[in-house]
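Q: I'm new to this structure and would like a close look at one part of it. Could you walk me through the pockets, and what lines them?

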Amino acid sequence: MSTKYILAIDQSTQGTKVILFNKHMQLFWKANLPHEQMINDQGWISHDLTEIKNNLKELFKMVLKKVEPSQLEGLAITNQRESAAAWSKKTGRPLCPTIVWQDNRTEKLINRISYPELVNTVKAKTGLALSPYFTGAKWGWMLLNEPRVIQACQNNDLCLGTMDSWLIYQLTNGKSFKTEPSNACRTQLMNINTGNWDKDLGEIFGIDLDDLPEIVDSNAYFGDTNLFGLLEHPIPILSVLGDSQAALFAQGCFNPGDFKVTFGTGSSVMLNIGKELPDNINNKLNTSIAWSLNGELSYVLEGNINYAGACITWLKDNLHLIKTPEETSNLALSANPADHTYLIPAFAGLGAPYWKPNMKAAFVGMTASTGKNELVRATLNSLVYQIVDILSEFQKLFPQIKHEIHTDGGMIHNQYLMQYLSNIAQRNVKTSAISELSAFGSAVNAAGEVSDIQAAKTYVPRMSPEHASSYKREWAEWINKLS
């Protein structure tokens with residue numbers, strides 16, 4: 001009997017990846033293709049949906065050179081969240097480029113509707129602070145500024161979706177227009193109290209709820225796909241999870257108090273708070289949905305950091321201080337211990353738990369002896385300080401938080417970063433043994449399994465609590481000075 005595989009799609013900010021997992025949930029094979037980051041003079045960030053679809057077609061052809069079609073049991077999807085797509089209901093063709101989650105072009109729109117009453121309504125219904133970061137405002141911007149989107153809306157020919165809905169629509173040839181709560185809750189159009197799209201929220205952003213996908217369980221049947229005509233017999237799409245929630249699932253964080261830190265282009269710090277919403281969700285963090293399994297919702301607290309891996313890319317591509325991200329660990333370790341340079345990485349403002357959208361990025365505290373090593377170390381350290389500030393908010397809101405930090409993503413291989421996180425947080429840090437964690441989480445969900453992964457390495461604090469507090473205090477002082 002031939003081995004069966006779950007085919008997982010990881011549609012990330014930087015590219016498209018496909019991974020084959022066998023019945024024991026072991027990674028058998030993977031491949032990826034990057035797509036262009038379209039950035040204009042105003043800093044707007046877009047993706048070409050057609051390029052992403054074509055890349056996926058090419059990746060499927062590679063898959064079928066590795067396994068027989070009959071060996072594919074089902075398909076799982078994990079994806080970048082908050083990015084906004086719009087396409088024709090009739091043709092399935094995109095009507096404009098995707099507005100990527102990092103993009104801040106909707107800031108003026110948000111400012112126009114930021115009345116206290118609306119701000120409070122959005123927070124109470126969605127658990128999210130009214131922000132350019134989320135998808136609803138991005139679709140609202142399209143409906144005001146993209147002629148083809150405006151026309152499609154007038155002609156009742158408009159589909160608005162996050163990247164999961166776009167993929168499902170394309171993979172099923174327009175037969176299935178669906179999403180699930182881990183993605184829907186990040187649009188600011190879903191009421192997390194009811195689990196449904198909310199009319200009041202739609203009116204705030206100028207969006208007709210009929211243009212949005214159906215919300216189903218994260219482990220629902222999302223339709224069948226023949227992989228763009230490559231399969232004679234279609235396979236079912238069995239799982240969809242936003243990338244951060246998929247990583248939480250993969251880490252086995254199913255109990256209240258379990259949490260993880262994902263290091264990607266941005267960073268997500270996410271805490272499972274169980275199956276009941278807290279009485280008060282008006283806090284400095286985002287209250288979101290982890291997933292819905294068999295009709296039962298689970299909730300999370302989340303703090304998002306816009307620039308994590310993106311800071312390292314900035315060091316490489318803009319400042320030309322490094323040639324590869326791998327260099328940063330040794331450079332940071334070689335930095336002058338007496339240097340107190342800090343990076344405030346507010347390239348698109350600072351998000352949780354500061355909520356300072358107008359703050360600008362800056363290196364601060366430099367002296368004449370500050371050099372490349374110190375700037376690289378300051379960049380890595382800035383990520384740690386933001387994570388630790390989010391953990392402090394977790395502790396205030398949910399005292400039952402567990403002690404260990406579970407980490408995943410490409411940056412977990414940076415030994416300096418992981419040790420500094422352990423030092424400043426004064427917690428043990430466990431790194432994932434699986435690099436493709438979001439894809440793994442969605443694949444496990446598709447297979448109906450329970451995740452059971454072991455840590456690759458554990459870091460323990462090597463700094464005194466007094467020194468850790470001193471560095472955190474200095475960071476906080478700079479944030480306050482620059483506010």
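A: Here's a stroll through the two largest pockets, with a stop at a pair of helices at the end. Keep in mind that this is a predicted model.

Let's start with the largest pocket, which has a volume of about 1,400 Å³. It is lined by 46 residues, and those closest to its centre are Phe263, Gly264, Thr265, Gly409 and Gly410. Sort that lining by class and you get 26 polar, 11 nonpolar and 9 charged residues. Helix α10, which covers residues 309-317, supplies the largest share of the lining, with 5 residues.

Now for the second largest pocket, which holds about 680 Å³ of space. Here α10 turns up again, giving the most to the lining with 4 residues. The second largest pocket has 22 lining residues, and Ile39, Gly43, Ile45, Gln102 and Tyr307 sit nearest its centre. As for class, its lining splits into 9 nonpolar, 9 polar and 4 charged residues.

Last stop, the helix pair. Helix α13 (residues 415-425) and helix α15 (residues 465-482) have axes that come within 8 Å and cross at roughly 95 degrees. Angles of 65 to 115 degrees count as roughly perpendicular, so that's the word for how α13 lies relative to α15. On the α13 side, the contact is made by Tyr420, Asn423 and Ile424, while α15 brings Ala468, Tyr471 and Lys472. By class, the residues of this contact are 4 nonpolar, 1 polar and 1 charged.

Conventions. Residues numbered from 1 in each chain as written. Predicted model: local features only at pLDDT ≥ 70, side-chain atom pairs only at ≥ 80, totals over all residues. Heavy atoms only, no water. 1 Å grid on protein atoms, 1.4 Å probe; cavity = no way out; pocket = protein on both sides within 12 Å on 5 of 7 lines; lining within 4 Å. Points joined across faces, edges and corners; volume = space filled by probe spheres on them. Helix = DSSP H or I, 4+ residues; strand = E, 2+ residues; numbered from the N terminus. Nonpolar A, V, L, I, M, F, W, Y, C, P; charged D, E, K, R; others polar. Axes fitted to C-alpha atoms, helices over the stretch in contact; angles between N-to-C directions. Parallel < 35°, antiparallel > 145°, perpendicular 65-115°, else oblique. Contact = heavy atoms within 4.5 Å.
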